[in-house]
Amino acid sequence: MDITHSPEWQALLAHREQVKHRHLRDFFAADPERFSHLALRHNDFLADFSKQRVSQETVALLVALARAAEVESWRDRLFAGEAINFSEHRAVLHPALRFLGPGPFPTATDNVMPQVRQVRQHMRDFSERVRSGLWRGFSGEAIRNVVNLGIGGSDLGPKMAAKALSAYEHPGLHVHFVSNLDGAQLAPLLETLDPRSTLFIVASKTFTTQETLRNAQTAREWLLASAGEENREAVIARHFVGVTAATEEAGRFGIPQENLFAMWDWVGGRYSLWSAVGLALVLTIGMTQFERLLTGAQAMDKHFLETPLERNLPVLMGLLGIWNTNFLGAETLAILPYNESLRALPAYLQQLEMESNGKTISRTGSPLGCQPNPIVWGEIGINGQHAFFQLLHQGGWLIPSDFIISATSDYPLPGHNGPLLANCLAQSAALAFGRTEGEARADLEGEGRQEAEIQALLPYKVFAGNQPSTTLVLPRLDPYHLGLLLALYEHKVFVQGVVWGINSFDQWGVELGKKLARRLQPALEGHPDDSLDASTRGLIAYCRRYGQL
Ligand code: F6P
């Protein structure tokens, strides 16, 4: 059923007419206990939804919508290992990757845990050998640099988490991430590395991704060129490991089976940080800390599974996003971490959200009755203040934001964290409440301005406010709380996909461009293709004239 035809959706449309002009100032004035009603805790993690443009009635209607969309039964189907990614006939079992209990998962008869635990053990053994210096390169040197070659889900998760947890990194082991086909990423990095002490992880679920394979081939040539007369296979075996579900392909590339870390078709790329795709992260923070990350994510799984929808963090976060997008008309969502270590989070969440729910065809193959996922974007909040926040405050667009802070700094320099947090809280308050003409006038009068000047400046000094936001507060940015935060977003995306009626776990929309790129390659190399459109032919001719291809 198209959810937009449901009585619950219609009830929300009617309710929207009553509240759409209410200002956040009014919501707060009407309910002095608003924060305690709408800021929810999961132990020491806080999600403050009070600056969303909702009343308690709105939340109740949204929860009714979730029930109508059968969020609970879809959630249970996910955790039961049903093939809910039906277009690819796959189960969606990333929760198994962070299942740390002793028993089977998802069920005794369909238990994936033996393979998961085997790979975890492999990751532990391997990472301990590398981190302790026991694993040696072809010339006997210990490994000092690790380069993860991967893209999309095989890059964004471990890269984001390695940056987020840099306070935990091994002092003598540096991890780097190369995703771009543009040699401008790999070439300068290789110049800084010593092949004798460099380990490459080729991370690709399919082992067919052009960007990753090209980078891996270049890295292999670079390594072998410096190894001289050494046995090629033995050299590759000391310096290349693979993370993949396509072990035969990886073998053909030359990576020995014992250097391969398996993943499975029931792990989506953008949900794979918890799998061996996290190997680069494990090498930098160690398996014990990685398991803390898994523990945090598992805690969120449990919360998602067991908490009534009314207090369920991912459910509420997902529903509030739907309210903003489908009822208030927001077209984007800004991710604004006030934490330098979370600088790669916006890019990670872009893939998670937009590759999962950037779709307009429903699970039943018909067009959706509403616009689903908003455009997700973001930046470190404090930097954004000096760049694009002007538009958030006075640009006239409705732009919901997620502010993310850590109450304790992971790099505590005296005098830094207090002002940082003050800035974040000030921005979310300014966006929510704005500044009225009366307040602006009082400010100008307080500055001793003359009436004529006040009249001239007044229009510029008014802030409309009423921009909705959620503030997520981590007590500190450690592996546990990072795991909790990421799983919160994963389940939020799932909830939204269920309500919109989308299969959140396929990504057919990425195929066309890949296919076309393969077709254009010969034309760029000088084999004209008249079947191409005029713009593409013109651009190819230009590139051939001025470039070296
Ligand atoms: O092109 C999109 C995509 O398929 C993502 O879903 C995936 O995370 C990425 O490419 C990388 O894929 P692979 O791990 O198979 O190289």
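**Salt bridges, a helix crossing and cysteines in the predicted model**

Both E490 and R98 are buried, and in this predicted model their side chains meet in a salt bridge with an N to O distance of 2.7 Å. The pair joins distant parts of the chain, since E490 belongs to helix α22 (residues 479–500) whereas R98 lies in the loop between α6 (94–97) and α7 (113–132), and the two residues are 392 residues apart. In total, 29 salt bridges are counted in the model.

Other salt bridges involve residues that are partly exposed. E141 forms a salt bridge with R144, the closest N and O atoms being 2.7 Å apart; E141 has a relative accessible area of 23% and is therefore classed as partly exposed, and R144, with a relative accessible area of 37%, is likewise partly exposed. A further salt bridge is formed between E451 and R441, for which the closest N and O atoms are 3.0 Å apart. This pair links helix α21 (residues 451–461), which contains E451, to helix α20 (residues 437–446), which contains R441, and the two residues are ten residues apart. E451 counts as partly exposed because its relative accessibility is 37%, and R441 counts as partly exposed because its relative accessibility is 23%, the range for this class lying between the 20% limit for buried and the 50% limit for exposed residues. Salt bridges also occur as a network, in which R16, E17 and K20 are linked.

The packing of two helices was examined next. The axes of helix α4 (residues 56–68) and helix α15 (residues 313–327) come within 10 Å and cross at roughly 105°, so that α4 and α15 are roughly perpendicular to each other. On the side of α4 the contact is made by T58, V59, L62, V63, L65 and A66, and on the side of α15 by L316, L319, L320, I322 and W323. When these residues are sorted by class, the contact of α4 with α15 comprises ten nonpolar residues, one polar residue and no charged residues.

Cysteines were considered last. A disulfide is a covalent bond between the sulfur atoms of two cysteines. The count of disulfides in the model comes to zero. As to the accessibility of individual cysteines, C370 counts as buried because its relative accessibility is 14%, whereas C543, at 37% relative accessibility, counts as partly exposed.

Definitions and conventions
Residues numbered from 1 in each chain as written. Predicted model: local features only at pLDDT ≥ 70, side-chain atom pairs only at ≥ 80, totals over all residues. Heavy atoms only, no water. Axes fitted to C-alpha atoms, helices over the stretch in contact; angles between N-to-C directions. Helix = DSSP H or I, 4+ residues; strand = E, 2+ residues; numbered from the N terminus. Parallel < 35°, antiparallel > 145°, perpendicular 65-115°, else oblique. Contact = heavy atoms within 4.5 Å. Nonpolar A, V, L, I, M, F, W, Y, C, P; charged D, E, K, R; others polar. Disulfide = S-S within 2.5 Å. Buried < 20%, exposed > 50% of the residue type's maximum accessible area, 1.4 Å probe, protein only. Salt bridge = Lys/Arg side-chain N within 4 Å of Asp/Glu carboxyl O.
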